[in-house]
Amino acid sequence: MTDDDAKGGEHRVVLDTNVLVSALLAPIGNPNTILQAILDGSVTIMYSATMMAEYRSVLIRPRFGFDARDVADLLTFIEAFGDSVDPDPSDDPLPDETDRPFYDITRQYGTILVTGNTKHFPGLVSLLTPAEYVEAQLIRN
């Protein structure tokens with residue numbers, strides 16, 4: 001799917017890698033609630049090729065102990081059912097340049113970025129922690 005094909009639904013989200021890791025580490029909690037909403041199709045994850053590369057490189061780190069097949073299945077699901085976009089790169093200053101793909105999609109497509117590191121994204125209006133996203137009832141339990 002390309003950015004021209006991106007769904008216009010209100011339940012699109014950009015998921016920072018730390019939220020995805022937290023969702024896989026703890027089967028209960030707000031990050032997992034968001035991941036389950038993505039898996040059941042009530043929320044659509046937006047991603048870029050750069051984000052997928054980061055997801056892949058982080059999720060296969062031995063310290064997490066995730067099963068390689070489970071990681072592959074999850075990433076295949078995201079690629080099949082998420083919205084793949086190629087945002088225009090910004091030159092806005094960020095504390096951590098590795099966060100730029102997440103920032104740029106959120107900025108360009110007006111979606112919500114869910115992250116545990118809100119300080120990494122200064123100036124974004126549509127920025128929520130996992131708890132804020134769930135509490136705002138943007139997804140239903």
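**Fold, core and helix packing in the predicted model**

The protein has six helices and five strands. The model is a predicted one, and going along the sequence the elements come in the order β-α-α-β-α-α-β-α-β-β-α. Of the 141 residues, 43% are buried. Among contacts with a separation of 6 or more, 62% are made by residues 24 or more positions apart. The accessible surface adds up to about 7,400 Å², and carbon and sulfur atoms hold 52% of that.

Next comes the interior. In soluble globular proteins, nonpolar side chains tend to be buried together. Here the largest nonpolar core takes in 40 residues, and Leu15, Tyr55, Ile78 and Val114 have the most contacts inside it. Helix 3 (residues 49-59) supplies the largest share of this core, with five residues. Val114 shows what such a position looks like up close: leaving out residues up to four places away in sequence, Val114 touches Val13, Val14, Leu15, Asp16, Val19, Ile34, Leu128, Thr129, Pro130 and Tyr133.

Right after strand 4 (112-114) sits Thr115, in the loop that leads to strand 5 (127-128). Is this loop residue buried or exposed? Thr115 has 0% relative accessibility, so it counts as buried. The side chain of Thr115 makes a polar contact of 3.3 Å with that of Asn18. Setting aside neighbours within four places in sequence, the contacts of Thr115 are Asp16, Asn18, Val19, Phe121, Leu127, Leu128, Thr129 and Pro130.

Helix 4 is a good case of a two-sided helix. This helix (residues 68-81) is 14 residues long and covers 20 Å from its first C-alpha to its last, close to the 20 Å expected at 1.5 Å a residue. Which residues of helix 4 are buried? They are Val71, Leu74, Leu75 and Ile78. Looking down the helix axis, these buried residues fit within an arc of 95°, so they line one face of helix 4. Ile78 also turns up among the residues with the most contacts inside the largest nonpolar core. The buried residues of helix 4 pack against helix 1 (17-25), helix 2 (30-39), strand 2 (44-47) and helix 3. On the other side of helix 4, Arg69, Asp73 and Phe81 are exposed.

Asp70 also belongs to helix 4. With a relative accessible area of 51%, Asp70 is exposed, because the cut-off for that label is over 50%. Asp70 and Leu59 are 11 residues apart along the chain, and their C-alpha atoms are separated by 9.9 Å. As for the start of helix 4, a side-chain oxygen of Asp67 comes to within 2.8 Å of the backbone nitrogen of Arg69.

Helix 5 tells another story. Eight of the 10 residues of helix 5 (residues 100-109) are buried, so the rest of the structure largely encloses this helix. The buried set runs through Arg100, Pro101, Phe102, Tyr103, Asp104, Ile105, Thr106 and Tyr109. What do the buried residues of helix 5 pack against? Their partners are strand 1 (12-15), helix 1, strand 2, helix 3 and strand 4. Just past the end of helix 5, Gly110 adopts a positive phi of about 65°.

Gln108 is another residue of helix 5, and its relative accessible area of 30% makes it partly exposed. Leaving out residues up to four places away in sequence, Gln108 touches Pro87 and Asp88. A polar atom of the Gln108 side chain lies 2.6 Å from the backbone nitrogen of Asp88. Gln108 and Ser90 are 18 residues apart along the chain, with 9.2 Å between their C-alpha atoms.

Helix 2 holds Ala37. This residue has 4% relative accessibility, so Ala37 counts as buried. Ala37 and His11 are 26 residues apart in sequence, and their C-alpha atoms are 9.8 Å apart in space.

Definitions and conventions: Residues numbered from 1 in each chain as written. Predicted model: local features only at pLDDT ≥ 70, side-chain atom pairs only at ≥ 80, totals over all residues. Heavy atoms only, no water. Helix = DSSP H or I, 4+ residues; strand = E, 2+ residues; numbered from the N terminus. Buried < 20%, exposed > 50% of the residue type's maximum accessible area, 1.4 Å probe, protein only. Contact = heavy atoms within 4.5 Å. Areas by Shrake-Rupley, 256 points an atom, 1.4 Å probe, with all protein chains shown as cover. Polar contact = N/O pair within 3.5 Å; in protein donor to acceptor, adjacent residues only side chain to side chain. Core = buried A, V, L, I, M, F, W, Y, C linked by side-chain atoms within 4.5 Å. Expected span 1.5 Å × (residues − 1). Arc of directions from axis to C-beta.
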